[in-house]
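Trainee: I have a model open and some questions about it. Can we go through them one by one?

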Amino acid sequence: MREEGFSPSNFSELKEELRTQRKETKNLEKKVEELMARVINAEKVINEMKEMKTMTREIRDKCTSFSNRLDQLEERVSAIEDQMNEMKREEKPKEK
């Protein structure tokens, strides 16, 4: 660096500008860290939501299966009731 054009006042101005830039850089670094933390938290929430979605589908599938089994059971009970009613009808004429 040449000594021409260099003065203590320029040095003070440069020093102050460097301090200002350093503060701004630290503030930006802090904001970047905060944003990264928020992104990480958002990713965790998304993963939890994906797990909940999977669990919800599994529960829905089990409910559907259970409902189908109940429908089949109702059909069987109805068929047995029909058979019992038929047997009762057949027994009535024999009693006379």
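Trainee: Is R89 buried or exposed in this predicted model?
Mentor: The model is predicted, so we read computed values. Exposed means over 50% relative accessible area. R89 has 52% relative accessibility. That makes R89 exposed.

Trainee: Which residue forms a salt bridge with R89?
Mentor: Look within helix α1, 3 residues from R89, about one turn of the helix. The partner there is partly exposed, at 37% relative accessibility. The closest N and O atoms of the pair are 2.9 Å apart, and a salt bridge needs them within 4 Å. The partner is E86.

Trainee: How far apart are N and O in the salt bridge of E16 and R19?
Mentor: Both residues sit in helix α1, which covers residues 8-95. Because E16 and R19 are 3 residues apart there, about one helical turn separates them. Their side chains meet in a salt bridge. The N to O distance is 3.7 Å.

Trainee: Are E16 and R19 buried, partly exposed or exposed?
Mentor: Partly exposed lies between under 20% and over 50% relative accessible area. E16 has 43%. R19 has 44% relative accessibility. So E16 and R19 each count as partly exposed.

Trainee: Which residue does R60 meet in a salt bridge?
Mentor: Follow the side chain of R60 to an oxygen 3.4 Å from its nitrogen. The residue carrying that oxygen is partly exposed, at 45% relative accessibility. It is D61.

Trainee: How many salt bridges does the structure hold?
Mentor: We have met E16 with R19, R60 with D61, and R89 with E86. The total for the structure is 3.

Trainee: How many helices and strands are in the chain?
Mentor: Helix α1 spans residues 8-95. The chain itself has 96 residues. The count is 1 helix and 0 strands.

Trainee: What share of the residues count as buried?
Mentor: Buried means under 20% relative accessible area. The chain exposes about 10000 Å², with carbon and sulfur atoms supplying 55% of that area. Of its 96 residues, the buried share is 0%.

Trainee: Which residues make the nonpolar surface patch?
Mentor: Start in helix α1 with F66. F66 is exposed, with a relative accessible area of 51%. The patch has an area of about 370 Å². Its residues are F66, L70, L73 and V77.

Technical notes. Residues are numbered from 1 along each chain as its sequence is written. This is a predicted model: local features need pLDDT of at least 70, side-chain atom pairs count only at pLDDT 80 or more; totals for chains, interfaces and linings use all residues. Side-chain values use heavy atoms; hydrogens and water are left out. Helices (H or I, at least four residues) and strands (E, at least two) are DSSP runs, numbered from the N terminus. Buried means under 20% relative accessible area, exposed over 50%, partly exposed in between (1.4 Å probe, protein chains only). Accessible areas come from the Shrake-Rupley method with a 1.4 Å probe; for residues, only the protein chains shown count as cover. Patches are made of residues with over 30% relative accessible area and no salt bridge: like charges are joined within 9 Å, nonpolar side chains (Val, Leu, Ile, Met, Phe, Trp, Tyr) within 5 Å.
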